[in-house]
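Q: Please take a close look at the charged side chains in this one. Start with how they pair up, then work outward to whatever surrounds them.

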Amino acid sequence: METKKILDVSNRYIMNTYSRFPVVLRKGRGMKVWGTDGKEYLDFVGGVAVNILGHCHPKVVVALQKQAQRLLHVSNYYHIEPQIKLAKLLVEKSFADRVFFCNSGAEANEAAIKLARKYSKEQGRPNRFEIITAKNSFHGRTLATLTATGQEKFQKGFEPLVPGFRHVPFNDIRELSNAITGDTCAVLLEPVQAEGGVILPDEHYLKAARDLCNERDLLLILDEVQTGMGRTGRLFAHEHYGITPDIMTLAKGLGGGVPVGAMLATERIASAFQPGNHATTFGGNPLVCAAAVATMETLLEDGFILDQCNRMSMYLIKNLQKLKGEFPSLITEIRGKGLLIGMELTKDGDPIVRACLEQGVLINCTAGNVLRFIPPLIVQQKEINRLIRVLGEVITKFLKESL
Ligand SMILES: Cc1ncc(COP(=O)(O)O)c(C=O)c1O
């Protein structure tokens, strides 16, 4: 079917929840994807921070093929070998003692919220259920995670929201401290606010939040759905800041392209969950866990990919800074960690994203005016060079036309 016809069918049958580009992607390898019309794209979106090893990494594909021939799905009533292997890997490489598996970032955060509330009840403090989160944060689209999200634009139209959430400005430890009441049980933060426009924490903010949680006997939950699995150049972003959380959530990069989420906690907290307290049919099923094990093992092999991520981060930031020097009226700031990088503009970023797509380069815009670069961690210099060249041409044309 030609692309136009496929688009017509898509627009006829799929619910209208995404403003999609008129492109149908059919095939991918490494940093590249191809459309049904044969056009090739260089992918700096990577499924929004999902495809950490690039598209169709051979080790992930082989793991999926082998697992598909052995066992696709069984219920969590039974033990599942790939799930056990993945849990062991995650625990060995993190602060955590135990893992709960689910299917997405929002579900991982739902599980974290439930665990924090349950832990409080088990401690004999049934009234402590409130969770403080940051303004401008993003934690998902289920009702509780939508309420946790500190951005009204996502909440509008879905009221009444879930009780028990309070929002404070990010990077303001005094406001966080002042917001704590006798009802507070936890603080939930993204180490780097990703959807909110790639906002980095001030140097001491996360450590101060950790100390505050210790002093006031609160749980610190870190949402590493986007920042986890090497995205910021360390396996987990909190490692940059010398702290550990009590609970951490993961998804996106965890499966290297398959839908899997996880909620990790220390033994003390995790023990608040007993059989029957939380569950999901597909969570941690054999197929996704086989892919996630292959992804994580590949990511950790000799630290090679994390080194590559850090080198390419510096290279990309340096070249984006050069563009900022060339176009000071449009580009106000370059910021980021690892390969989660934002370029703040004085104008709406959407026309630039569209023009880059025309030129065969996929990039993303978040928070209206922040171009976000979240490529696979295997990106190379030559691919960054192409991105920079295309961005330079697109911006030159854009500025000329908007004169
Ligand atoms: C920090 C963070 N938390 C949670 C989510 C929600 O994840 P999902 O879309 O898999 O539900 C996202 C998605 O962008 C995210 O960036």
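**Charged pairs and their surroundings**

A: There are 17 salt bridges in the structure, where a salt bridge is a side-chain nitrogen of Lys or Arg within 4 Å of a carboxyl oxygen of Asp or Glu. Keep in mind that this is a predicted model, where local features need pLDDT of at least 70 and side-chain atom pairs count only at pLDDT 80 or more, while totals for chains, interfaces and linings use all residues. Residues are numbered from 1 along each chain as its sequence is written, and side-chain values use heavy atoms, with hydrogens and water left out.

Let's begin at the N-terminal end of the numbering. Lys-4 and Asp-8 join their side chains in a salt bridge, 2.9 Å from N to O. They sit four residues apart in helix H1 (residues 3-13), so about one helical turn separates them. (Helices, H or I with at least four residues, and strands, E with at least two, are DSSP runs numbered from the N terminus.) Lys-4 is exposed at 51% relative accessible area, whereas Asp-8 is partly exposed at 39%. For those words, buried is under 20% relative accessible area, exposed is over 50% and partly exposed is in between, using a 1.4 Å probe and protein chains only.

A similar story plays out in helix H14 (residues 381-401), where Lys-397 and Glu-401 lie four residues apart, about one turn of the helix. The closest N and O atoms of their salt bridge are 3.5 Å apart. Lys-397 counts as exposed at 54%, and Glu-401 is exposed too, at 58%.

Now for Glu-344 and Arg-335, whose salt bridge brings the closest N and O atoms to 2.7 Å. Arg-335 counts as buried, with 11% relative accessibility, while Glu-344 is partly exposed at 24%. There's also a network of salt bridges that links Arg-210, Asp-246 and Arg-268.

That Arg-335 and Glu-344 pair leads into a sheet. Strand S11 covers 331-337 and strand S12 covers residues 340-345. Four strands make up this open sheet, in the order S11-S12-S15-S14 with antiparallel pairing; two strands pair if DSSP finds at least two bridges between them. S11 and S14 (364-366) are the edge strands, each pairing on one side only. From one strand to the next, the twist averages 25 degrees. In the middle of that order, four bridges join S12 to the antiparallel strand S15 (residues 370-373), and Ile-341 stands opposite Phe-373 in S15.

Helix H13 (residues 350-358) lies across S12, S14 and S15, at about 170 degrees to S14. Axes here are lines fitted to C-alpha atoms, for helices over the stretch in contact, and angles run from 0 to 180 degrees between N-to-C directions. On S14 itself you'll find Asn-364, which counts as buried at 16% relative accessibility. Leaving out residues up to four places away in sequence, Asn-364 touches Val-45, Val-353, Val-370, Leu-371 and Arg-372, contact meaning heavy atoms within 4.5 Å. Asn-364 and Asp-43 are 321 residues apart in sequence, yet their C-alpha atoms are 9.9 Å apart.

Charges meet rings as well. The charged end of Arg-12 sits over the ring of Tyr-13, 4.6 Å from its centre, and that of Lys-27 sits over the ring of Trp-34 at 5.0 Å. To count, NZ of Lys or CZ of Arg must be within 6 Å of the ring centre and within 35 degrees of the ring normal.

As for rings meeting rings, the structure holds three aromatic pairs. Phe-138 and Phe-154 are edge-to-face because their ring centres are 5.1 Å apart and their planes stand at 70 degrees. (Rings of Phe, Tyr and Trp, with its six-membered ring, pair if their centres lie within 6.5 Å; planes under 30 degrees apart count as stacked, over 60 as edge-to-face and the rest as tilted.) Phe-138 is in the loop between strand S5 (130-134) and helix H6 (143-148), and Phe-154 is in helix H7 (residues 152-155), 16 residues apart. Phe-138 counts as buried at 19%, as does Phe-154 at 16%.

Another of the pairs is Phe-170 with Tyr-205, edge-to-face with 5.2 Å centre to centre and 70 degrees between the planes. Phe-170 lies in the loop between strand S6 (165-168) and helix H8 (173-179) and Tyr-205 in helix H9 (residues 205-215), so this pair ties together parts 35 residues apart in sequence. Phe-170 is buried at 12%, and Tyr-205 counts as buried at 4%.
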